[in-house]
Amino acid sequence: MSRPDARGDGSSNGRLVGGGQGGAGGSGDAGNAKQRKRMKQQIAVQGQPAAATTTPAAAAAAASKPYSGPRTPSAQPTGAVAALPPRQLNVTEAIEARAFEITSLERSLRNATEFTGTQRVFQTIARHMRRRAASHNVHRLPTRVRKRALDQMAKDGHPQKVIKKRYKKRQAATLREDFLSRPAHNQWLETHVWHAKRMKMIEKWGHKLADRPNDKSTRATFRASKHQCTLHDASYMHTVQVCGQDTASIVAFLRPFLDPTFPDIGHGDYTSGDRHTVSFFHEIDQYPRGCIGPVDMLWRSAGQQDASRTLWIWTHPAIHSVVVQALSASATATANLAVTSLKGEFVRFELCGPRSHATLSACLQLCSPTQQDPPNANINEAAHRVWKLIEPVQSPATLPPGVVIGLTVHDPRLSFPVRVPGRTEGLADVADPQSNTDLMNAIQAWPTGLASLPAIWDGASREALLSSRPDAKTIQARRSKLLIPGTPLDPLPTDSQVPVLLVHRASYYSMQFGKSASPGSSSPACSEISNGWDLIVPRGWAMDFWLTLVFAGARVIGLRDRYSLHFESALPCFPYDYPETAAYMTDAAALRTSQQDKYDRTPKAKRPNYAKLHSAGQDTMDTSADAPPASPATPAAVSASRSPLIVIHSPRIVSHINDLLLARASNPSAADTFDDFVAALSAKSARLARHNPRAAAALDAHVLAASFVRVVVTPVSRGVPGACSIIYAHSAADTLAHTHAAVDAGFRIDSDDEDEAAASTIPDDTRIVGYVTTGSFSLEEGHGLAIGCCSLRQLFDAAGSGAAYHAASVSASASASASASAAAGSRGHRAPRGVPALVRSIRSRACRPVLLHVVP
């Protein structure tokens with residue numbers, strides 16, 4: 001058989017007809033069959049029915065006709081194909097017809113990880129669920145994808161083998177033994193392993209603490225604290241126990257150490273144990289000097305003891321050893337007094353946010369008094385009734401600040417996991433008139449005796465509770481027998497009943513004035529950020545309560561996020577904003593060393609020249625400057641003497657100072673001289689410290705003249721004050737330069753004149769008022785914000801320029817255009833509520849106008 005002619009008519013039109021010209025000796029039937037098949041395919045694609053085709057004989061005759069025309073691409077087909085329309089394909093209809101096949105193909109490729117490119121199974125997991133070394137250890141992957149990972153590793157051909165280390169044989173058998181074997185200088189919290197997998201860990205204050213999450217920023221934390229619930233493990237806060245014969249002996253023992261301008265520790269509201277109190281701890285008989293740090297105190301309920309009394313003092317880990325040493329040294333000279341450190345005896349969780357109350361209500365399953373109680377448990381029925389009564393409360397900010405409730409709850413593992421009801425699910429109970437009346441009465445007149453819980457105060461009861469704790473294997477065995485997975489387990493008489501304390505957390509300003517908002521913030525939403533509950537449980541139960549709270553929806557935060565929440569609430573955070581304490585100096589020295597190393601590594605062309613900016617060695621409070629000198633100089637404008645700083649902490653005195661300064665800023669004749677100003681403060685402090693005459697005498701006019709106060713720095717227009725910034729007094733020339741920026745002190749206004757004034761020369765050191773300790777952009781306020789410390793004398797002199805500043809603001813607002821006046825009138829013009837000043841960053845020459853508000 002001869003091969004078909006490649007140069008025949010069928011060759012040139014093969015792409016249209018689908019067949020070639022057969023040779024003389026070829027088989028006609030085979031050629032006709034191929035032609036018929038290709039023509040049917042062509043007609044089907046073009047949408048023509050098969051009946052429209054010609055007969056096979058006609059098609060063969062047309063194909064065998066020799067081609068005599070030119071062999072060009074424009075040659076037209078002959079025969080039946082000439083009547084067909086051009087080839088067409090509707091893409092949309094074709095895809096819709098094959099949508100099911102395409103979806104199935106995509107699903108198959110997505111499920112088969114070996115076809116997804118270079119990704120492994122562990123790379124397909126969400127970022128917050130990934131674990132370190134997951135590619136080498138399949139057991140670190142979730143159970144649902146573990147089989148796929150094993151299949152993928154088997155196809156590798158050379159799976160990596162985990163080499164057993166010898167030190168593994170020397171490890172502790174259980175995590176508890178490993179936890180107890182940690183060195184004393186670097187202690188672990190009970191939740192350390194959980195945090196280490198998800199957060200950045202740092203060594204601070206003798207502990208290994210979580211600093212920040214690996215997959216969250218401060219903005220996510222701010223959203224959670226404002227709308228949801230945040231959770232922080234504050235178990236590093238240690239407890240000091242003071243025992244005495246009666247209340248009077250303990251009060252007399254502690255008064256020389258505490259700030260006398262704060263509410264007395266012997267007040268009836270605190271000695272009953274229904275509320276906790278906050279004060280500042282000083283060296284003995286050294287007030288107002290020698291400040292060590294803030295402490296939180298709680299009395300044991302009087303009904304739990306016959307004659308002796310017990311007081312707990314919660315201290316920060318940076319000052320715990322100092323407080324214990326000071327109290328122990330004084331107790332040796334006092335009979336019938338015992339000071340004991342309960343370091344590591346309790347676990348403390350901080351919950352804040354509007355949903356913190358609902359989260360705790362769902363996670364804490366109260367024990368019923370009708371059940372047979374174990375000998376190591378005690379139920380306060382009055383506290384349980386009040387807790388059920390306030391369960392519909394939407395936010396802890398509505399409750400009286402500082403209250404304490406003692407509850408006895410079931411093992412949280414029995415009801416794990418729990419579901420937190422929605423915001424509107426509990427409103428039906430409040431709609432009941434009787435329930436609503438009882439709730440309002442309980443909030444207005446808080447019942448007494450709610451904190452009585454002997455089981456948590458007795459050390460033997462706490463040890464017995466820990467020894468009788470069922471292990472996880474027993475709980476899991478009971479859970480495996482449930483017919484419906486996830487159903488809560490029914491409590492048994494042998495199950496543990498855990499005593500817990502709920503301490504309402506609020507700032508000491510709120511606890512004294514009954515206001516939930518911070519004095520340095522204009523936003524009422526700050527109360528939602530700073531208010532919350534502290535859950536205190538005995539040691540050994542941390543992970544059980546922790547996992548229950550985490551799975552209930554609480555967002556975990558670290559030290560950095562806790563610091564940022566204080567900043568958003570315009571509240572100082574210890575020890576970062578307390579330059580009068582040794583803890584601040586220690587923390588600042590460590591930060592100074594790291595910043596100095598970073599500054600030395602940076603090329604000279606890429607780092608600021610602090611000598612030209614007059615920023616090197618400007619202050620002793622702010623030791624975290626990037627380029628501090630070896631021996632920092634202290635200007636006379638800031639420090640009146642070489643003695644330690646004296647900062648006024650009393651909220652009542654600070655509130656009085658702020659009122660006097662604002663009055664002077666509006667009218668310079670409100671306080672004629674600084675001596676009159678100090679005399680008014682001395683009289684106020686004497687009234688507050690009337691129960692301690694010696695301390696009242698110590699806060700005389702000479703001490704007040706050399707004192708400092710904390711301030712909240714609010715920019716008038718643009719600019720974000722950073723840490724270490726310098727605060728200058730406002731002058732008359734600055735008032736004229738920043739007139740346009742001062743039209744409305746409560747809003748951000750951009751002005752070319754303000755830019756020109758900001759680029760002026762650096763003010764003299766004699767105008768320095770203070771320094772900024774914390775500064776950044778406030779997400780709550782929507783502009784820059786800072787917390788600093790200023791000299792009281794310099795602040796009084798700076799307030800004298802407030803009258804000119806206020807007059808310039810009123811004049812500028814009166815001469816504004818009609819449209820601008822209408823827009824500003826909707827917001828309301830007001831006099832500047834603060835002392836006018838200037839702030840300059842240590843890295844810049846620009847000075848920005850700000851307002852200073854004195855805070856505790």
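**Aromatic pairs**

I began with the aromatic rings of this predicted model, and my count came to 18 aromatic pairs. I took tryptophan 194 and tryptophan 546 as one example: their ring centres lie 5.6 Å apart and their planes stand at 75 degrees, so I entered the pair as edge-to-face, the angle being over 60 degrees. I then looked up where the two residues sit, and found tryptophan 194 in helix α9 (residues 192-196) and tryptophan 546 in helix α23 (residues 542-551), so that the pair links parts of the chain 352 residues apart. Buried or exposed, I asked of tryptophan 194 and tryptophan 546? I noted both tryptophan 194 and tryptophan 546 as buried.

I turned next to tyrosine 599 and tyrosine 610, whose ring centres are 5.6 Å apart and whose planes make 45 degrees, so this pair goes down as tilted. Tyrosine 599 belongs to helix α25 (residues 582-601) and tyrosine 610 to helix α26 (residues 610-613), eleven residues apart along the chain. I checked the burial of these residues as well, and tyrosine 599 and tyrosine 610 are both buried.

I also followed the ring pairs from residue to residue, and found that they join Phe262, Phe280, Phe574 and Tyr578 into a cluster.

**Arginines over rings**

Which ring faces have an arginine over them, I wanted to know, and at what distance from the ring centre? I found arginine 348 over the face of tryptophan 314, at 4.8 Å from the ring centre, and arginine 664 over the face of phenylalanine 796, at 4.1 Å from the ring centre.

**Helix α33 and its partners**

Phenylalanine 796 led me to helix α33 (residues 792-799), whose axis comes within 11 Å of that of helix α28 (residues 674-688) and crosses it at roughly 120 degrees. I therefore entered α28 and α33 as oblique to each other, and I recorded their crossing as right-handed. On the α28 side I listed Phe674, Phe677 and Leu681, which meet Leu792, Arg793 and Phe796 of α33.

I then looked at helix α27 (residues 651-666), which packs with α33 at an angle of about 30 degrees, the axes being 8 Å apart. Because angles under 35 degrees count as roughly parallel, I wrote down α27 as roughly parallel to α33. In this contact Ile657, Leu661, Arg664 and Ala665 of α27 come together with Leu792, Leu795, Phe796 and Ala799 of α33. I noted that Arg664 and Phe796 are both listed in the helix contact, and that arginine 664 is also the residue over the face of phenylalanine 796.

Key. Residues numbered from 1 in each chain as written. Predicted model: local features only at pLDDT ≥ 70, side-chain atom pairs only at ≥ 80, totals over all residues. Heavy atoms only, no water. Phe/Tyr/Trp six-rings, centres within 6.5 Å; stacked < 30°, edge-to-face > 60°. Helix = DSSP H or I, 4+ residues; strand = E, 2+ residues; numbered from the N terminus. Buried < 20%, exposed > 50% of the residue type's maximum accessible area, 1.4 Å probe, protein only. Lys NZ or Arg CZ within 6 Å of the ring centre and 35° of its normal. Axes fitted to C-alpha atoms, helices over the stretch in contact; angles between N-to-C directions. Parallel < 35°, antiparallel > 145°, perpendicular 65-115°, else oblique. Left-handed = near helix turned anticlockwise from the far one by under 90°. Contact = heavy atoms within 4.5 Å.
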